[in-house]
Amino acid sequence: MIRSRVGEAIVRAQAAGELPAVAVERVEVEVPADPAHGDYATNAAMMLARPMRMAPSRIAQTIVRYLDLRDSSLSEATVAGPGFVNFRLGDDFKAPTLQAVLGDPEHYGASRALAHRHVLLEFVSANPTGPLNVVSARAAAFGDTLAAVLECAGARVVREFYVNDAGAQVLRLGQSLRARILEQTGQPFVPVEQGYAGEYLVDVARAYLQEHGVPQEGADADRELGSYAVAAIMAGVRQDLLTYGVRFDSFFSERELHERGAVRDLLAELQARGETYAADGAVWIRTSAHGDDKDRVVVRSDSTPTYLAGDLAYHRDKLRRGFTELVDVVGPDHHSHTRTMEAGMRALGAPGRLRYLVVQHMRLVHGETAVKMSKRGGDFVPLTELVAEVGRDAARFFFLMRAHTSPLDFDLELAKREGQENPVFYVQYAHARIQSLLRQADAPQVNWSARDLDHPEERQLLVWLARFPEEVLWAAERMEPHRLTRYAQDLAGAFHGFYTRHRIWGEAPEVTARRLALAQATGIVLRRCLALLGVSAPDRM
RNA sequence: GCGCCCGUAGCUCAGUUGGAUAGAGCGUUUGACUACGAAUCAAAAGGCCGGGGGUUCGAAUCCCUCCGGGCGCACCA
């Protein structure tokens, strides 16, 4: 909004010949670090100083002169510092803000800004060979909230989990299940080499015996067992995701992809494009011609397709389903693969459609000391164990407090504490406090005006409420959902500050009424924000 | 060796694509409940933004180069 006003002012000034007619790039508007500098600011004048060959302060003054702030909720624009233009919200923003929040509590903050985007968001995609573990927890929280934020900003998003239910690992899983089944029949347990020795297969083995009895020998039977295990494990994975508050729209089977002939079609297309060649008994793709360090094998010398072939076929399928944008959330261990895949997509003639978000590693710590994340047998700590220990709210909030590009230390001790040092409780407490206030009695039916919310704390709180839609949009555009945890803390802080200084009940009826409205609106926005984060907003704590 | 992520207060981390006096939480210190939830609030101390060069009106941010920490470099998935 401010952006376009400033842009219009520049255009008018240029038309009037007061500013040189140079091309103007995107005008950036920011929230100043120091509230004394106003509610918003733009550095457009300084950005334009060089191309216009004018002093920033003169440009800023000209912009201000041509600025039209009518119908804008902005009251003043001033030139400050080396050439900033600072804006202050006028009283006009108060009533519309409260009205927007209270009038549509379920949608405040939502917009249609990204309605033109149709995103396939793939995340987690953990191997279906064991329960979801703590390594997936960060990506799951990140992906789920990213999807929610994108949707809130108007984008169409499909959340997809790629199930790697094809290939050698399923065979090994089947063999591992057989070993557990034999164990159930009284024979000694013999772990499969490179297999899965986790306890979780014991239950699966019991269920299998009950349903089917002792399986036949042979590789075909092993594969059958593998599929059975995948189905059982994935059922558990879905359940775990559900209790973690993570929703998927689609589980995409790699096996079905192969059965449908998608991999064969992909290879045919690559060949038709001249992007493959035979060498050493294998088929290679020319990824090095598209930015990868070397060419890669797509069909092994035993004529089975590699994972890369399957993944390329999968992403080709995503494009065929009509998505304009493919976003993959992966762990740091897939880093080198991203480069190969991007090269492969270029080879397919679809450059720039796939974007990888690499979520960095996390560590579990207990105060100062690191906690081992794998248990005996090499299995990682299950996600369910983390959730059982610290709770879903703390788990998700903590994972989302940091940028995904930063490694993260998850402090189990801090997450469990129910005190002021725990940011989750700080935010939730603000919400509970508000609900407690609203519970006290029915609001008196009196006329009140939002314009009278004049104390600095009241005004500041309103400013935070007004900013929520921008925060959501910003988080969506940048794909940085962690911004919202910060916003939640800032908003909660603004409320606590307001609450300590001002009484709500016991004042004149119109004062009580408008402060209640303010508190209620704050509660709504807190709940909206926490909902995006997948964190509950309790009425009592 | 090559590629990527990270290095900012004692600790964990933000820093809005190069802007104003570098911020927050925790921890530390000091204050504030005979009124709506003190799980809160107010204030203080704490920094060569890993080091060194460069780019320009201006650098935590961009470039180069070192130093440290992490991850990855398969006819595995």
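In the hairpin of strands S8 and S9, aspartate 280 has a positive phi near 55°. Two residues lie between the strands of that hairpin. This is a predicted model, and the hairpin is a good place to start reading it.

S8 and S9 run antiparallel and are joined by four bridges. Within this pairing, threonine 276 stands opposite isoleucine 285 in S9. The hairpin belongs to an open sheet of three strands, in the order S8-S9-S10, with antiparallel pairing. Strand S8 (276-279) and strand S10 (296-299) are its edge strands, and each of them pairs on one side only. From one strand to the next, the twist averages 45°.

Now follow the other pairing. Strand S9 (residues 282-285) meets S10 in the antiparallel sense over three bridges. Here valine 283 stands opposite valine 299 in S10. A helix also joins the picture: H11 (residues 307-320) packs on the sheet and touches S9 and S10. The direction of H11 makes about 80° with that of S10. In a regular strand, side chains alternate between the two faces of the sheet.

Next, turn to another sheet. Four strands form it, in the order S1-S2-S4-S3. This sheet is open, and its pairing is antiparallel. S1 and strand S3 (74-80) stand at the edges with a single partner strand each, so one side of each is left without a neighbour in the sheet. S1 pairs with strand S2 (residues 40-42) over two bridges, in the antiparallel sense. Glutamate 30 has alanine 41, in S2, as its bridge partner.

Step back to the domains. Chain A is divided into three parts: domain 1 (2-89), domain 2 (94-100 + 419-533) and domain 3 (168-243). Domain 2 is written as two stretches of the chain, 94-100 and 419-533. Taken over C-alpha atoms, the centres of domain 2 and domain 3 are separated by 52 Å.

Which domains each give at least three residues to the lining of the second largest pocket? They are domain 1 and domain 2. This pocket has a volume of about 1300 Å³. Its lining counts 42 residues. Val31, Arg467, Glu470, Glu471 and Trp474 are the ones that lie nearest its centre.

Several elements build that lining. Helix H1 (2-15), strand S1 (29-30), strand S15 (408-411), helix H17 (456-478) and helix H18 (483-501) each supply at least two residues. H17 gives the most, with nine residues. S1 thus appears in two places: as an edge strand of the four-stranded sheet, and as a contributor to this pocket. By type, the lining residues of the second largest pocket divide into 20 nonpolar, eight polar and 14 charged.

One more space remains. The structure holds one cavity of 30 Å³ or more. The largest cavity has a volume of about 30 Å³. Which residues line the largest cavity? They are Arg138, Phe142, Val359, Phe399, Leu400, Arg402 and His404. Helix H5 (134-152) and helix H14 (392-400) each supply at least two residues of this lining. The lining residues of the largest cavity divide into four nonpolar, one polar and two charged.

Terms used: Residues numbered from 1 in each chain as written. Chains lettered and ligands numbered in written order. Predicted model: local features only at pLDDT ≥ 70, side-chain atom pairs only at ≥ 80, totals over all residues. Heavy atoms only, no water. 1 Å grid on protein atoms, 1.4 Å probe; cavity = no way out; pocket = protein on both sides within 12 Å on 5 of 7 lines; lining within 4 Å. Points joined across faces, edges and corners; volume = space filled by probe spheres on them. Nonpolar A, V, L, I, M, F, W, Y, C, P; charged D, E, K, R; others polar. Domains from an automatic or database assignment. Pairing = 2+ DSSP bridges. Axes fitted to C-alpha atoms, helices over the stretch in contact; angles between N-to-C directions. Contact = heavy atoms within 4.5 Å.
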